[in-house]
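Notebook open, structure loaded. I want to look at the empty space inside, then at a helix and a strand.

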Amino acid sequence: MSPPGRRAALAVLAAALSLAGAPDRPAQAAPARRTASAPARPDAALYKEAQTAESSLRASPRRGAKRSEWEAVVLRYRKVVARYPRSGYCDNALLAAGNLYREMARRFRSPRYREDAAGAYRMLVAEYPSSSLGDDALWAAVELTREVGDRRRLADSARAYLDTYPEGRRASQVKTLLRAREPATPLPSPPPPGLARVFDLRAWSGDSSTRVVLDLERKVQLQSDRATNPDRLWVDLVGTRLHPNLARRVFPVGDGLLEQVRIAQNRDDVVRVVLDFKDVWEHQVFYLDDPPRLVIDVRGQVRPSPQVAQALPSIPSRRVNGMVPSDTTGDSAGRPAAPIAIAGVDRLPGSRPAPAQAPRAGAPPPPAVAAAAPTPAPEPPATNRAGSYSLARQLGLGVRRIVIDAGHGGHDPGTIGRGGLQEKDLVLDVALRLDRLVRQDLGADAILTRSTDVFIPLEERTAIANSRGADLFLSIHANSSRNAGARGIETYFLSFARNPHAEAVAARENAISPATLKDLQNLVKAITFNSKVDESRDFAAAVQERMVAGVRQEHVVRDRGVHTAPFYVLIGANMPAVLAEIAFVSNPEDERRLRTAEYREVLARSLLSGVKSYLEALNRTQMRQLTDAAQRSTVSGGSGAR
C-alpha cells in the first residue's frame, strides 16, 4: 500500500476508535431486531446513507471544519423522519441528529445548535414515546443544560427526565444533580413500582361511529361506567402511569358523537380516560394484543343519508350494481336513463335476472324494435342467504365507496413463501389492480388503506373505513400452511372460529397466540352487530364463488369455502366486511404463479366479480354505469399512509 493510502486508512481507523470511545455519542447502529438478511427498505437505506455520510465527515478533518458539511449530515438524518415518520429508524435518526447538533454547538461555539439539539431530543420523546432511546435523549438534554450552567434549565430538564423515566438508568444521577443545584427544592416522589405506562392516544371519527385507541405497555385491569349530567363514559386503567406527554390533556373531537376526550392521572396508580358524549347510542371497550392497546368504540343512532340509502322509489333511480350516482337526471335530452345488464355474472340463490340492456343514447335501435320500451318498475331486493331481508336490503341501500385493504405492510411482511415471495407485496399489487378495476368498471370511489409498503395497525384499518363512510370493506390476504401441498381460496367474515384451521388463520393474521385467541372469541361475542352479520356472510359467499369461478377458467384451484373467525381487522366495522385469502404462498407451484402479472390480474378481476355479484343481489333496482360522477381513488389519510 502506498504511503498516502496508509495515511488514509489510519485516519479512518482513528476516527472509528474516537467514535467508539466518545461518552456522549451513542452508537448509531440499527436496532438489533433488524437482521442482515432482511430485505432492504427505503427507510433503512436512507438511514444507512446518513450513517455513512457521518463516518465520512468524521474521517476528514478538512470537511469537519466546515459548518455546511455538518449541517448536510444532520439533514440526511432528518430526511429519514420527514419521509418515513413511522419507520423504526426515526428515533435513531433523531438521536443522531441531536448528538451532531450538540457537537456542533461545542465545535463552532453556537448556542443555536444547542437549542436545535434540545429540540431533536424532545421530538424523539414526544413523537416516539415507546422508543428505548428516550432515556438517552433526555439524559443528553440534562447534560446540555449542565454544560451551559443554567440552573433553572437544568432543573427543568432533570424534572422532565424523572417524570418520564422515574426508574430510568440515570435517575439516581439526575436526582444527585438536582440536590446539588437546588437543595431546597423537593424532589418528585417516585410512583409505585411496576406500573404500566400509557403513552399514546389516537382517534378516528365518522358519521355514525368514533374509535379511540390508547397504547400501553401491557394489559391492566379496567373499570368503566357511563355517567349522566353531562353524558360521558369514564374508563379507569388500574396499575398505570401516564406518560408526561399526555398529562392532563384534552383532545377535542367535535364529530357529532363526542365533544372531547380527556385523560389524566386520576390517582397515583390509576389513569382515567373520559369521553364526553354528544349523541351516543352504545359503546364497547376492549383490548387488542401485540402490541397491547385499549380500544373504545362509540356509535350513534344509524340515520341513513338519502344519498346513500333510500326506500324503494316508485320511479327507478339510476344505480351501478347497487351504487347510487350523484346525478339521476338521465341523458342530456331529459330521457330516463336506461339500464344495463352485468355480463357473465351468475346470480346468487334467490336473486332474479336483471333487466335486459337497452341501446345506448345515439346508437341505432335494433331492427326488430320500433320504439323504446317503457322503463320497467324496479324489482324488489333478493332475500339474503338466511332467507330474510336485512335492513340494508329493505332500504335498498346503494354503495358509493369501497375500502380495499392490502394486508400487512412495512415491517410486517405477512407470510413468506419458500421462494421469498412476501404476502405484503403480493396483496398490495392485487389491491392496486382492484382499485383500478373498481373505478373503471363500477365508477365507485375506491379507498386504499395503503398504497405503498407501509405498516398500518389493524385497528386503524377498520377505523379508516368507518371514518370515511365506506359501504363495503374488503381485506386482501394470502394464506400459509405447514403442508406445502395446501392450496385454494377461502373467504372469512367476523364471528367465532368454528374449526382449528380457522383458528390458526386468525391467530396468524392477528399476530397473536392461540391462547389469546380464546379471549378474542369472547370479545367477538360481545361486539358483533347482528345488522351486519347477514350482509357480511353474503358478501363473503359472493366473493368466494366469483373468485373460485374466475380462477378456474384458466387454472386448477380448490374451493375451501366461506368461514368465520375473529379477525382484528374486521372488528368494529360499520359496513359489510370480509377478509379474502386469495392463495397459499406456502405452495411452491402457487408461489411461482403468484409472481406473474397475468395471474395477479386474474385474482383482481375475480375479486371485482365477487363485489359485482354481491351488489347485484343487494339491490335489484335497475343498474347503470356511472358516466357523470367522477371516478376517484383515495389513499387513506391515516397515520400509516404517509
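**Cavities**

I ran the cavity search on this predicted model and got five cavities of 30 Å³ or more. I picked the second largest cavity to look into, which holds about 70 Å³ of space. I pulled its lining: 14 residues, with Ser 209, Thr 210, Arg 211, Asp 297 and Asn 466 the closest to the centre.

Next I asked which elements each supply at least two residues of that lining. I found β1 (196-205), β2 (209-216), β10 (293-299) and α12 (458-467). Sorted by class, the lining of this second largest cavity comes out as eight polar, three charged and three nonpolar residues.

**Helix α4**

I checked the length of α4 (residues 67-83) next. With 17 residues at 1.5 Å a residue I'd expect a span of 24 Å, and the end C-alpha atoms sit 24 Å apart, so the two agree.

Then I listed what is buried in α4: Trp 70, Val 73, Val 74, Tyr 77, Val 80 and Val 81. What do the buried residues of α4 pack against? I get four helices as partners: α2 (42-58), α3 (61-64), α5 (90-108) and α6 (111-127).

**Strand β11**

Last stop was β11 (residues 401-406). Five of its six residues are buried, so I noted the strand as largely enclosed by the rest of the structure. I looked up its pairing too: β11 runs parallel with β12 (residues 445-448), over four bridges. Across that pairing, I see Val 403 opposite Ile 447 of β12.

Conventions:
Residues are numbered from 1 along each chain as its sequence is written. This is a predicted model: local features need pLDDT of at least 70, side-chain atom pairs count only at pLDDT 80 or more; totals for chains, interfaces and linings use all residues. Side-chain values use heavy atoms; hydrogens and water are left out. On a 1 Å grid over the protein atoms alone, a cavity is a set of points where a 1.4 Å probe fits but cannot get out, and a pocket is an open set with protein on both sides within 12 Å along at least five of seven lines; lining residues have an atom within 4 Å of a point. Grid points are joined across faces, edges and corners, and a volume is the space filled by probe spheres set on the points. Ala, Val, Leu, Ile, Met, Phe, Trp, Tyr, Cys and Pro count as nonpolar, Asp, Glu, Lys and Arg as charged, and the others, Gly among them, as polar. The expected span of a helix is 1.5 Å times one less than its number of residues. Buried means under 20% relative accessible area, exposed over 50%, partly exposed in between (1.4 Å probe, protein chains only). Contact means heavy atoms within 4.5 Å. Two strands pair if DSSP finds at least two bridges between them.
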